[in-house]
Amino acid sequence: MTDAPAKHLPRPTPETEVYWEGCRKHELLLQRCTKCREFQFYPRITCTNCTSENLEWVKASGRGQVLTFAVVRRAVSQAYDADVPYVVALIKLDEGPTMMSNVVQCDPEALHIGDLVQVLFEDWSEDVSIPQFRPV
Ligand SMILES: [Zn+2]
């Protein structure tokens, strides 16, 4: 038996540092423009709707809906061998933005487009927690 390689961990940037710190605390944070009030994901330095640089961080509900998904049956590396089969999905958050994530704690064969989901966090290291979703 060999040691499996580690999973790829995100590297926070100045734009994403607050987002990843929220994840570490198991809080899903989204940027909201203080001018046009639109939410956006992923984090950026300006609003994608009106180009304002006045963005605030808001704790999201963590609720959303499966827009589409794929079931991964062959791991991309040995680090993910124990996870297959797993679901990679686009989640339409209740606040509006769409994010790519995993849907866990479910039978991939029983998942459907339109299913309602709730965020949860999986601690991949002491410093990194990954937002994932489970059906509700
Ligand atoms: Zn805006």
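What share of the 136 residues in the protein chain is buried? Buried residues make up 35% of them, where buried means under 20% relative accessible area, exposed means over 50%, and partly exposed is in between (1.4 Å probe, protein chains only). A few ground rules before the close-ups: this is a predicted model, in which local features need pLDDT of at least 70, side-chain atom pairs count only at pLDDT 80 or more, and totals for chains, interfaces and linings use all residues. Residues are numbered from 1 along each chain as its sequence is written, and side-chain values use heavy atoms, with hydrogens and water left out.

**View 1. The whole chain, from helix to strands.**
The protein chain has 1 helix and 8 strands, and from the N terminus on they run α-β-β-β-β-β-β-β-β. Its radius of gyration is 16 Å, close to the 14 Å that the globule rule gives for 136 residues, so the chain is as compact as a globular protein of that length. (Helices, H or I with at least four residues, and strands, E with at least two, are DSSP runs numbered from the N terminus; the radius is taken over C-alpha atoms, and the globule rule is 2.2 Å times the number of residues to the power 0.38.) Along the principal axes, the C-alpha trace spans about 55 × 30 × 20 Å. Of the contacts with a separation of 6 or more, 52% come from residues 24 or more positions apart, a contact being heavy atoms within 4.5 Å. The accessible surface comes to about 8400 Å², and carbon and sulfur atoms own 49% of that; the areas come from the Shrake-Rupley method with a 1.4 Å probe, and for residues only the protein chains shown count as cover.

**View 2. Four cysteines hold the zinc ion.**
Zoom in on the metal and you'll find the sulfur (SG) atoms of Cys33, Cys36, Cys47 and Cys50, lying 2.3 to 2.4 Å from the zinc ion. Donors here are N, O and S atoms within 2.8 Å of the metal (3.2 Å for Na, K and Ca); water is not among the atoms, so sites may look incomplete. Along the chain, the donors follow the spacing C-x2-C-x10-C-x2-C. Why call the arrangement tetrahedral? Because the 4 donor atoms subtend angles of 104 to 118° around the zinc ion, and four donors count as tetrahedral if all angles lie between 85 and 135 degrees. For reference, the ideal angle for four tetrahedral donors is 109.5 degrees. Cys47 is buried, with a relative accessible area of 2%, while Cys50 counts as partly exposed at 22%.

**View 3. A three-stranded open sheet with E1 in the middle.**
The strand order is E2-E1-E3, with antiparallel pairing. E2 and E3 are the edge strands, each pairing on one side only. Two strands pair if DSSP finds at least two bridges between them: E1 has 5 bridges to E3 (residues 55–59) and 2 bridges to E2 (residues 39–40). Gln31 shows both sides of E1 nicely, standing opposite Gln40 in E2 and opposite Trp57 in E3. Leu30, for its part, faces Val58 in E3. Strand E1 (residues 29–33) is largely enclosed by the rest of the structure, because 4 of its 5 residues are buried.

**View 4. Backbone oddities in the loops.**
Most residues other than glycine have a negative phi, and most peptide bonds are trans. E1 and E2 form a hairpin with 5 residues between them, and in its turn Arg37 has a positive phi of about 70°. Arg37 counts as partly exposed, at 43% relative accessibility. His26, in the loop between helix H1 (17–24) and E1, also isn't a glycine, yet has a positive phi of about 60°. A cis peptide bond joins Phe41 and Tyr42, with omega about 10°. Tyr42 sits in the loop between E2 and E3 and is partly exposed, at 47%. Its C-alpha atom is 9.8 Å from that of Met100, 58 residues apart along the chain. Another cis bond joins Val84 and Pro85, with omega about -10°; Pro85 is in the loop between E4 and E5.

**View 5. Strand E4 and its partners E5 and E7.**
E4 (residues 63–72) pairs antiparallel with E7 (residues 116–123) over 3 bridges, and antiparallel with E5 (residues 86–93) over 8 bridges. Gln65 stands opposite Leu116 in E7, and its bridge partner in E5 is Lys92.

How values were computed:
Tetrahedral: all angles 85-135°; square planar, octahedral: opposite > 155°, others 65-115°.
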